[in-house]
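Trainee: I would be grateful for a close look at a single part of this protein. Please choose one pair of packed helices and describe the pair and its surroundings in one connected account.

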Amino acid sequence: MSTKISCEMAADLLPLYLEDSCSEDSRAALEEHLKNCPSCRAKLERMRSTLPGDLSVENPAPDLSAYAKKVRGHRLRITALALVSVLVLSLLGGILFLTVQRMMQQSSPTVYEVEPGTINLTEGAFRANAEDIGQYVFYTNFQQIKVEVQGSGGDQGTVYLYNTENPDSFIQVLHINKGKWDGTFTGLSAQWRYRITCEGLDGAVITVSEGRATGFFENMKAVLAEIMEMFGGKWDDVQVIHYRRD
Ligand SMILES: [Zn+2]
């Protein structure tokens, strides 16, 4: 049963009616009123046409899509930024992890068994007089052998490195002089055994080691150099050490 309503009440109901959110009774009453009231009917038509019309006048369609594009672009930028951040953080995390792992590995490297009579430098540094050092055979699992000279009588000397498989020819020479009392033989292999002799260093004590670095930045540099090498790059300053993994 419908109730009669005034134009004022109809005006109140019109927005709800347009939104389709007025009650069944209100709708019936309004529709009844509209049938008999041309001015409210006209108002309804006006409202119907101005609702979307206002939008299309003040915010024409191209602007809306431009705005949507802007919003999408903004969202895309935020997503890209988040992705890049995640990538950068993962990369940094990975480098940090590898650095710490390498530091631990360097301070307590895996010691491989070598035949008796060979000095395994992975176990630690070895020390002997310059005159006696030639008696010993060395093994390195670090692709390098570092030689440090202490208390030399003379101003300079030479250290030779031989491969025991081919003792007739030395493979590397280190010139030791007052400014530089240590040096490193590089590019060595765990497959071979090495012998070291000194010239002009009588009276000095020679410390032979793998020359592993345990500091954070040295290891981070090594990790970065390994990563660069993986991608075909090369960091001239840093020697990449390949471990024997058998
Ligand atoms: Zn009316």
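**The first two helices**

Mentor: In this predicted model, the crossing of α1 and α2 is left-handed. The residues that make this contact are Ala10, Leu13 and Tyr17 on the α1 side, and Ser26, Arg27, Leu30 and His33 on the α2 side. Sorted by class, the contact of α1 with α2 comprises 4 nonpolar, 2 polar and 1 charged residues. Two packed helices are described by the angle between their axes and the distance between the axes. For α1, which covers residues 7-19, and α2, which covers residues 24-36, the angle is about 115 degrees and the axes lie 10 Å apart. An α-helix has 3.6 residues a turn, so residues three or four places apart point the same way. That spacing may be kept in mind when the contact residues Ala10, Leu13 and Tyr17 of α1 are located in the structure.

Consider next α1 by itself. Its 13 residues, at 1.5 Å a residue, should span 18 Å; the C-alpha atoms at its ends are 19 Å apart, and this agrees with the expected value. The helix α1 nevertheless has a bend of about 35 degrees at Leu13, and a proline, Pro15, follows within four residues. Leu13 is also one of the residues through which α1 contacts α2.

Directly after α1 comes Asp20, which is found in the loop between α1 and α2. Most residues other than glycine have a negative phi, and most peptide bonds are trans. Asp20, a residue other than glycine, has a positive phi, near 65 degrees. Asp20 counts as exposed because it has 7 C-beta neighbours inside 10 Å, and the cut-off for an exposed residue is 12 or fewer.

A second residue in the protein invites the corresponding description. Gln143 is not a glycine, yet its phi is positive, at about 60 degrees. Gln143 is placed in the loop between β3 (137-139) and β4 (144-150). With 18 C-beta neighbours inside 10 Å, Gln143 is therefore classed as partly exposed.

Finally, the helix pair may be placed within the whole protein. The protein has 5 helices and 9 strands, and from the N terminus its elements run α-α-α-α-β-β-β-β-β-β-β-β-β-α. Of its 246 residues, 17% are buried. Among contacts between residues at least 6 apart in sequence, 69% join residues at least 24 apart.

Terms used: Residues are numbered from 1 along each chain as its sequence is written. This is a predicted model: local features need pLDDT of at least 70, side-chain atom pairs count only at pLDDT 80 or more; totals for chains, interfaces and linings use all residues. Axes are lines fitted to C-alpha atoms, for helices over the stretch in contact, and angles run from 0 to 180 degrees between N-to-C directions. Helices (H or I, at least four residues) and strands (E, at least two) are DSSP runs, numbered from the N terminus. A crossing is left-handed if the near helix is turned anticlockwise from the far one by less than a right angle, and right-handed if clockwise. Two residues are in contact if their C-beta atoms, placed from the backbone, lie within 7 Å. Ala, Val, Leu, Ile, Met, Phe, Trp, Tyr, Cys and Pro count as nonpolar, Asp, Glu, Lys and Arg as charged, and the others, Gly among them, as polar. The expected span of a helix is 1.5 Å times one less than its number of residues. The bend at a residue is the angle between axes fitted to the seven residues ending there and the seven starting there. A residue is buried if 20 or more other C-beta atoms lie within 10 Å of its own, exposed if 12 or fewer, and partly exposed in between; C-beta atoms are placed from the backbone.
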